[in-house]
Amino acid sequence: MTPAFDKLARPVQKWIRAQGWRELRDIQARAIHILAEDNGDLIIAASTAGGKTEAAFLPLISQVLDDPATGAGFDLLYIGPLKALISDQARRLEDICREAELPVVPWHGDIAASSKSRAVKNPRGILLITPESLEALFVRRGLEIPRLFKNARAVIIDEIHSLLDTERGIQVRSLLARLELAVGRPIRRIGLSATLGDMGLAGEYLRPDAPDDVHVIEADNGGSELRIQLRGYVSGDKDEDVPAPVRAISDHLFTHLRGSDNLVFAGTRQSVEIYADRLRTLCEEAHLPQEFYPHHANLSREHREFVEHRLKEGAVPTTAICTSTLELGIDIGDVTCVAQIGAPFSVASLRQRLGRSGRREGNPAILRQYAIETELRADSNILDRLRLGLVRAVAMIELLLEGWCEPPRPGALHLSTLVHQILSVISGRGGAKAPDIYKTLFQHGPFRSVSSAVFLEVLRAIGRPDIALIEQGEEGILLLGEAGEKLTDHYSFFAVFKTPEEYRIVANGKTLGSISIDNILAPGMLLIFSGRRWHVQEIHDRERVIVVVPAKAGVPPRFGGDPGIIHDRVVERMFEVLESRERPVYMDRTALNLLDEARGNYAQIHFDTGGIVQTADSEFLIATRLGTIKTETLALALRSQGYRVHVHDGFIEGTFSEAQSSPIDTLKAIARGKNIDLFSSDPNLISEKFHPYLTDDLLRLDVVSSKLDQQSLPRICANILGG
DNA sequence: GACCTGCTGCGGTTTG
């Protein structure tokens with residue numbers, strides 16, 4: 001074939017021939033050359049099904065075969081964020097490795113303990129593991145880590161775009177640093193990804209000590225055709241059984257998606273239930289077989305796998321009404337079109353979703369965007385008049401077409417994850433001194449933006465007698481306290497992210513899924529769940545179980561959630577859309593009418609003399625033109641000065657009383673550097689799993705580093721006043 | 001004003 005092919009080991013070449021491949025893909029050939037050249041780190045970015053896994057593994061497996069290690073130890077380590085992904089990848093790798101007689105060891109919570117203990121006794125080949133299971137190895141078998149990984153040539157991290165600066169991403173980085181420390185040498189890191197907004201920042205994530213040395217291979221997947229339509233809908237009376245836009249959008253989906261495989265991203269789990277229920281009803285009324293199914297994280301594994309299987313097999317037409325569950329890497333094959341109801345929270349996720357469609361050569365990728373706006377009345381709010389949902393959908397489509405997406409946001413302290421890693425290090429080593437922990441987690445690990453003073457404060461906080469996560473032993477050794485022992489002893493310790501408490505919903509002895517305990521339910525109430533209608537029969541509070549039987553009517557449950565963070569650039573583009581006169585060709589007539597209306601209303605506000613206007617006697621409106629973080633920071637500052645404010649995309653709406661100074665004067669004072677206590681309105685600061693063990697001071701530091709931008713506050717105010 | 005992800009070790013019994 002090619003020089004790249006000649007570099008591969010015999011059994012690998014034989015496997016490639018058996019696949020009937022005529023040639024290696026471009027990214028595969030490039031990866032083979034780069035991985036043969038030196039020991040450097042590498043990022044491979046290509047779309048789903050673009051051959052990334054093979055690009056990384058074919059040359060690495062070749063190296064293992066050409067130069068076998070002596071003694072026990074895994075040759076390669078793969079970290080994947082999903083159990084389903086690990087099982088998928090293990091199947092593919094087993095096929096390649098069968099010829100080479102290299103063991104492939106999938107390892108996650110659903111794998112039998114017997115096969116795990118076998119692998120620990122005789123570690124060889126490729127280990128595929130979740131971040132949580134790797135954490136468990138460090139905690140439960142900390143002393144065996146060097147033996148298990150001393151031969152590891154590389155660690156492959158799949159879907160790194162889903163990790164980056166998240167809690168879980170910081171955990172993975174910490175584990176990598178601890179791994180290298182345990183084996184006493186660097187281990188080459190290879191990141192696989194679909195969507196990356198900024199390769200430099202991804203390199204920074206992969207190897208913080210030498211980001212510039214990280215090789216990058218990017219597939220050019222330009223050229224494939226993209227078809228977009230944005231349809232507008234106006235909602236009327238809220239009291240209707242099925243609201244008009246739900247009815248109209250469902251009719252449109254039913255007409256255009258029936259007969260093919262599609263994904264409908266409905267935005268929220270509640271919305272998934274509403275549209276799935278409506279589309280099921282339409283199928284029943286037309287006496288047609290069912291082909292629309294809901295898919296979200298609260299539905300049972302059995303039901304989700306049923307939907308995934310139908311999509312993957314492609315034997316019968318299937319449309320999944322889903323949340324971001326179907327956005328990540330699990331293999332569901334190609335879909336005809338991707339529908340998006342309401343604007344998403346990030347361009348990155350829109351891009352990732354669209355990547356599911358038009359993958360087969362010659363097929364276009366199709367995006368059907370639906371925007372719902374409320375009908376205006378004489379007393380309608382000014383922000384309803386600006387049609388911000390529709391405007392955001394337009395802004396995001398424009399940014400998508402330009403190829404932009406959100407970069408990661410480094411700089412957060414991640415104190416909750418730090419508490420977790422401190423406990424993990426102490427537990428895995430049976431005790432540790434503060435300077436050793438500092439060396440492990442800070443000099444080599446991901447917490448270098450945390451100062452040593454803050455580190456000591458965290459140790460003191462979790463060592464307080466009423467917290468008792470750690471305590472001081474002889475010669476300054478830190479040991480687990482009573483609460484720390486209890487926490488790390490339970491398997492729930494290994495995940496760094498928080499999970500809500502839930503009821504299990506059971507019908508006819510089978511689990512349908514779960515709903516949050518925040519739902520107020522009583523026997524006799526009606527429920528829509530898993531796309532069908534139910535009657536609540538029994539509630540078992542202690543067992544957290546709700547028993548339901550089929551019913552004729554129902555209402556969807558509440559699932560709750562955190563507000564999303566919208567990037568500055570998206571809001572900036574929204575204002576450009578409001579101030580422009582261009583009418584995008586992909587919008588239907590209703591959508592264009594709504595956009596014209598929004599532009600007319602925006603022009604009437606007269607922001608031309610500055611970003612703040614008085615809209616009524618005691619009401620004001622600020623256009624920050626900035627994303628969630630900066631707009632929320634200003635909102636907190638105004639609240640601390642006694643104003644009542646509401647935040648929207650790039651806008652703050654507020655009221656003030658005569659006794660207060662005018663909001664313009666307040667903005668002027670902040671612009672001049674007036675000292676503001678952002679927390680005087682006492683906002684909730686606990687959002688992550690280990691936050692409850694920290695002090696208020698530490699929580700404030702953490703929030704300021706991750707969710708606010710205190711530093712920019714004077715400039716934000718100056719820009720608003722400058723018009 | 002949202003979405004998603006994950007989980008060990010032991011003791012007992014049976015089988016080759």
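In what order do the three strands of the open sheet stand, and is their pairing parallel or antiparallel? The views below come from a predicted model.

**View 1. Three strands make an open sheet.** The strand order is β14-β16-β15, and the pairing is antiparallel. β14 (432-433) and β15 (470-472) stand at the edges. Each has a single partner strand, so one side of each is left without a neighbour in the sheet. β15 and strand β16 (residues 477-480) are joined by three bridges. In this pair, E471 stands opposite L479 in β16.

**View 2. A salt bridge joins E54 to R92.** The two side chains meet at 2.8 Å, N to O. This pair links distant parts of the chain. E54 sits in helix α4 (residues 52-66), while R92 belongs to helix α5 (residues 83-100). The two residues are 38 residues apart. E54 is buried, at a relative accessible area of 9%. R92 is partly exposed, with 39% relative accessibility. Side chains of opposite charge can pair when their charged atoms come close.

**View 3. E144 and R147 meet through their side chains.** Their salt bridge spans 3.0 Å, N to O. Are these two residues buried or partly exposed? E144 counts as partly exposed at 28% relative accessibility. R147 is also partly exposed, with a relative accessible area of 32%. A search of the whole structure finds 31 salt bridges.

**View 4. E402 pairs with R573 across distant parts of the chain.** The closest N and O atoms of this salt bridge are 2.8 Å apart. E402 lies in the loop between α16 (388-401) and α17 (415-429). R573 lies in helix α21 (residues 568-579). The two are 171 residues apart. E402 is partly exposed, with a relative accessible area of 44%. R573 counts as buried, at 14% relative accessibility.

**View 5. Shared partners build a salt-bridge network.** Its members are D41, E180, R189 and R207. Salt bridges that share partners join these residues into one network.

**View 6. Helix α21 has a set of buried residues.** The helix has 12 residues. From its first C-alpha to its last, α21 reaches 17 Å, close to the 16 Å expected at 1.5 Å a residue. The buried residues are V570, V571, R573, M574, F575, V577 and L578. R573 is also the salt-bridge partner of E402. What covers the buried residues of α21? The cover includes the helices α14 (347-354), α16 and α22 (589-605). It also includes the strands β23 (619-623) and β25 (651-655). An α-helix has 3.6 residues a turn, so residues three or four places apart point the same way.

**View 7. The protein meets DNA strand B.** There are 37 residues around the strand. Of these, K83, R392, Y491, G560 and D562 come nearest. Helix α7 (residues 131-140) gives the most to the surface near DNA strand B, with four residues. Of the strand's atoms within 4 Å of the protein, 58% belong to sugar or phosphate and the rest to bases.

**View 8. Polar atoms approach the phosphates and a base of DNA strand B.** A polar side-chain atom of K116 lies 3.3 Å from a phosphate oxygen. R269 places a backbone N or O atom 2.8 Å from a phosphate oxygen. Which part of the strand lies 2.5 Å from a polar backbone atom of Y491? That part is a base oxygen.

Terms used:
Residues are numbered from 1 along each chain as its sequence is written. Chains are lettered from A and ligands numbered from 1 in the order in which they are written. This is a predicted model: local features need pLDDT of at least 70, side-chain atom pairs count only at pLDDT 80 or more; totals for chains, interfaces and linings use all residues. Side-chain values use heavy atoms; hydrogens and water are left out. A salt bridge is a side-chain nitrogen of Lys or Arg within 4 Å of a carboxyl oxygen of Asp or Glu. Buried means under 20% relative accessible area, exposed over 50%, partly exposed in between (1.4 Å probe, protein chains only). Two strands pair if DSSP finds at least two bridges between them. The expected span of a helix is 1.5 Å times one less than its number of residues. Contact means heavy atoms within 4.5 Å. A residue is near a molecule or strand if one of its heavy atoms lies within 4 Å of it. A polar contact is a pair of N or O atoms within 3.5 Å; within protein, one must be able to donate a hydrogen and the other to accept it, and residues adjacent in sequence count only if both atoms are side-chain atoms.
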